[in-house]
Amino acid sequence: MTFWYKRTFLSYLLLPLSALFALVASLRRWCYQRVFTPYTAPVPVVIVGNISVGGNGKTPVVIWLAQALQARGLRVGVISRGYGGEKTDKVRLVNAASDAQQVGDEPVLIAKRTGAAVAVCPNRQQAIEALLAQSAVDVILADDGMQHYKLVRDVELAVIDGERRLGNGFLLPAGPLRECPARLKTVDGIICNGGQASAGEVQMRLVADSAVNMRTQEVRPLREFATQTVVAMAGIGHPPRFFSTLAHFGIQPIAQHSLADHHHASAEQLQAMVTEQQHLLMTEKDAVKYHAQAQSNWWYVPVQAQMSAEIEPIIENIVRLVK
């Protein structure tokens, strides 16, 4: 919603609904703090979430955290709702070979990049219990779930888009926020994806330098595609971020296709986007859905998260909780 990122007549018109949304959200949180008994996992739980809708970069943070904690000798488990997969109340354990159409693209990508034990289920408690029954896990990372107050969390990390920040500052539906901006004062860390981090925030940059062929696994420097005929496709929360990455390397696609986040395009749709003489570039999150039907001119662009030094106290805190 483009009007979420500026204050317009429509934004103000929707403010009464935002006030109702805020009341319900606050009441729900209060109930889980004072009335209901939320679930406490037997191992520390780290929530990686946000207070706004849209692609803020949670999954790259989860991957980076998992790898950082694994480097410290910790056994990491990851839970997720499995957005984009088949809707079911059952727990599904995920590995790098899982079908993204069944379990969701992000869990498959996390399993592929980290080798961590991953479970998806709308019920986070059931996901955790299934994960612990199947694997020895020291710490659990929850991909999203900041507003899931049924689950007690030991650490909360909020990810924000450094360019869009909090949009117009209004709650849904007048703006992009799920909770009031003051909620950020209660978290253990704020990770700013791109843009310029504010004081006290962790600066994250997503760095890309190569493309991987989806059929042969050949790796090429991204800059080589600046002289090629390229079509770009992204089915992520904020596709312009991917297109900007390509532009940074001088790549000027003849067409840019923005798909809905987690959208599963058919093989016919993808093949219609590009001819045999052109290259199709997509995100790694998209690629986990299409490896089976990949053509020889399809490539994905992996990104690596780079964190500023402000992340170190957060990592040390998580390690202390485990030990």
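Select Asn213 and Trp299 to begin: in this predicted model, Asn213 stands opposite Trp299 in β14. The two strands involved are β9 (residues 210-213) and β14 (residues 298-301), which pair in the antiparallel sense over two bridges, where pairing requires that DSSP finds at least two bridges between two strands. Helices (H or I, at least four residues) and strands (E, at least two) are DSSP runs numbered from the N terminus.

Before going further, note that residues are numbered from 1 along each chain as its sequence is written, and that side-chain values use heavy atoms, with hydrogens and water left out. Because the model is predicted, local features need pLDDT of at least 70 and side-chain atom pairs count only at pLDDT 80 or more, while totals for chains, interfaces and linings use all residues.

**The six-stranded sheet**

Now extend the selection to the whole sheet around β9 and β14, an open sheet of six strands in the order β10-β9-β14-β13-β11-β12, with mixed pairing. Its edge strands are β10 (219-221) and β12 (255-258), each of which pairs on one side only. Neighbouring strands of this sheet are turned by 25 degrees against each other on average, direction ignored; axes are lines fitted to C-alpha atoms, for helices over the stretch in contact, and angles run from 0 to 180 degrees between N-to-C directions.

Add helix α7 (residues 239-248), which lies across β11 (230-234), β12, β13 (279-283) and β14 and runs at about 150 degrees to β11; contact here means heavy atoms within 4.5 Å.

**The nine-stranded sheet**

Move next to the other sheet, in which nine strands form an open arrangement in the order β3-β4-β2-β5-β1-β6-β7-β8-β15, again with mixed pairing. At its edges are β3 (92-94) and β15 (304-307), each pairing on one side only, and the twist averages 25 degrees from one strand to the next.

Within this sheet, select β6 (residues 155-161) and β7 (residues 189-193), which pair in the parallel sense over five bridges, and look for Leu157, which stands opposite Gly189 in β7.

**Helices on the nine-stranded sheet**

Select helix α3 (residues 58-71), which lies across β1 (45-49), β2 (76-80), β5 (139-143), β6, β7, β8 (202-207) and β15, running at about 170 degrees to β5. Helix α10 (residues 312-322) lies across β1, β5, β6, β7 and β8, and runs at about 155 degrees to β6.

With both helices displayed, one finds that the axes of α3 and α10 come within 11 Å and cross at roughly 60 degrees. The two are therefore oblique to each other, given that angles under 35 degrees count as roughly parallel, over 145 as roughly antiparallel, 65 to 115 as roughly perpendicular and the rest as oblique. The crossing of α3 and α10 is right-handed, a crossing being right-handed if the near helix is turned clockwise from the far one by less than a right angle, and left-handed if anticlockwise. Trp64, Leu65, Ala68 and Leu69 of α3 make this contact with Ile315, Ile318 and Val319 of α10. These residues divide into seven nonpolar, no polar and no charged, where Ala, Val, Leu, Ile, Met, Phe, Trp, Tyr, Cys and Pro count as nonpolar, Asp, Glu, Lys and Arg as charged, and the others, Gly among them, as polar.

Keep α3 and add helix α5 (residues 105-114): the axes of α3 and α5 come within 10 Å and cross at roughly 30 degrees, which makes α3 roughly parallel to α5. α3 passes α5 in a right-handed crossing. In this contact Thr59, Val62, Ile63, Ala66, Gln67 and Gln70 of α3 meet Glu106, Leu109, Ile110, Arg113 and Thr114 of α5, and by class there are five nonpolar, four polar and two charged residues.

**Two backbone details**

Most residues other than glycine have a negative phi, and most peptide bonds are trans. Select Asp144, in the loop between β5 and β6, which has a positive phi of about 80 degrees although it is not a glycine. Then go to the loop between β6 and β7, where Pro173 lies, and inspect the cis peptide bond that joins Leu172 and Pro173, with omega about 0 degrees.

**Zooming out**

Finally, display the whole protein, which has 10 helices and 15 strands and whose C-alpha trace spans about 60 × 55 × 40 Å along its principal axes.
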